[in-house]
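Trainee: Before we begin, may I ask how the terms used for a structure are justified? I should like to set each value against its cut-off.

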Amino acid sequence: MVPRLMVILSTAALVVIGLVMVFSASSVTAFVEQGDALGETVKQVLFAIIGTVVCVCVIIATKMFGPERMTSKVIIYGFWAICLVGVVLTEAIGTEALGAKRWLVIGGISVQSAEFMKIALVLVAARIMIDYNEGTDALKILVRCAIFIVAPLALLFVLQSDLGTTFICLVAIFAILILGGVPARWIVALLVLIALLVVAAIFSSPYRTARLLIFLDPWSDAGGDGYQIVHSLQALASGGLFGVGLGNSYEKLQYLPEAETDFIFAIIGEELGLVGAMLVVILFVVFLYGGYRIAQDASTNYGMLIAGALTTMLVAQAFINILCVIGLFPITGKPLPFISSGGSSLISSLMIVGIILAVSFCSEPTETPYQERREKLHVVSSFDGSEYNKSGRRR
């Protein structure tokens, strides 16, 4: 119950903070552009309600139909296929904004397919890991990895030029490899390979190279490419310890671009100070601890993998966003989960919470230690249960 409450309460607190800060950060821009200071806030409240409904539905469906059916290959690969279609359609008929085509307009509503593709990749990667540890042929595992993991990541990277989402997905996949007990030498080798590919991707693109140079010295072009990060740092600096007061931000007066989305943490630091910013960080740490405890207590290895990987992915995205805002990481364009304005981000984040809580609600108390269950991932059982009758007694 305690880990479950930690996840629920930290999520609720972050969503509430997000709604308040979206109103504060977007009110001026919304009034100027839409004539309604509450425009963005009303949409964010609606997205929060939809996300909460999705979260609850995931939990209820898992309880009603059972975790076995909800995590069947039909459901997992079906969800993956839907998300992949969304990514392809985004490239074909999507809307371009901020220099990237990452939004698919459906019925007047913009959807970022990549936000849901992240979840699908984690579910599929965990399923492949279970198959691997159950003794599936290594060649089949490699083929599945190439089709269901590498190919979608390549599409995200090539079609949408989304290095940020690709990196966050890789963090989650590495979490699955570690939790699944893959030998350390394989993980290190894969990490080195990916690092080389990332370096090549950065220096093969003038746009990414420019971002890297601005990250190293934003003040060299404070009025150009470094404008956003410079104003972000100014917002944080002016906030001091306790901030300038809720609603009193100067940078949100159309000086800091994307103040209500990617750089909302800067507005939090300006208005609520270091205290408010640290509160957000602490809430994500609480969420991280609660999610890991749920993974540790999961009654199935698949539940352990998806709860641990999804928790890692969500909190990693939060910390990457924060590091970008404070100038310690190149700008990735990824929102702050639960807090940044944006329907796809909020709904997908709450969907992740629903999956993590579903693992918790469907987990039964077990006396088997976590380390022992992890080690059993490597054991391929040849027992088929034929010597037992339906009552569980030996024939």
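Trainee: Why is Phe-148 called buried in this predicted model?

Mentor: Buried means under 20% relative accessible area. Phe-148 has 19%, and therefore Phe-148 is buried.

Trainee: How do you know whether Trp-80 is buried or exposed?

Mentor: The same cut-off of 20% applies. Trp-80 has a relative accessibility of 9%, so Trp-80 counts as buried.

Trainee: What makes Trp-80 and Phe-148 an edge-to-face pair?

Mentor: Ring centres must lie within 6.5 Å, and planes over 60 degrees apart count as edge-to-face. For Trp-80 and Phe-148 the values are 4.9 Å centre to centre and 70 degrees between the planes, so both conditions are met. Trp-80 belongs to helix α4 (residues 73–93) and Phe-148 to helix α6, so the pair ties together parts 68 residues apart in sequence. Ring pairs also link Tyr-77 with Trp-80 and Phe-148 in a cluster.

Trainee: Why is the pair of Tyr-250 and Tyr-255 called stacked?

Mentor: Planes under 30 degrees apart count as stacked. The planes of Tyr-250 and Tyr-255 are 15 degrees apart, with 4.8 Å centre to centre, so the pair is stacked.

Trainee: What makes Tyr-250 partly exposed?

Mentor: Partly exposed lies between the limits of 20% and 50%. Tyr-250 has 49% relative accessibility, so Tyr-250 counts as partly exposed. Tyr-255, at 32%, is therefore also partly exposed.

Trainee: How many aromatic pairs are there by this rule?

Mentor: The count comes to six aromatic pairs.

Note on methods:
Residues are numbered from 1 along each chain as its sequence is written. This is a predicted model: local features need pLDDT of at least 70, side-chain atom pairs count only at pLDDT 80 or more; totals for chains, interfaces and linings use all residues. Side-chain values use heavy atoms; hydrogens and water are left out. Helices (H or I, at least four residues) and strands (E, at least two) are DSSP runs, numbered from the N terminus. Buried means under 20% relative accessible area, exposed over 50%, partly exposed in between (1.4 Å probe, protein chains only).
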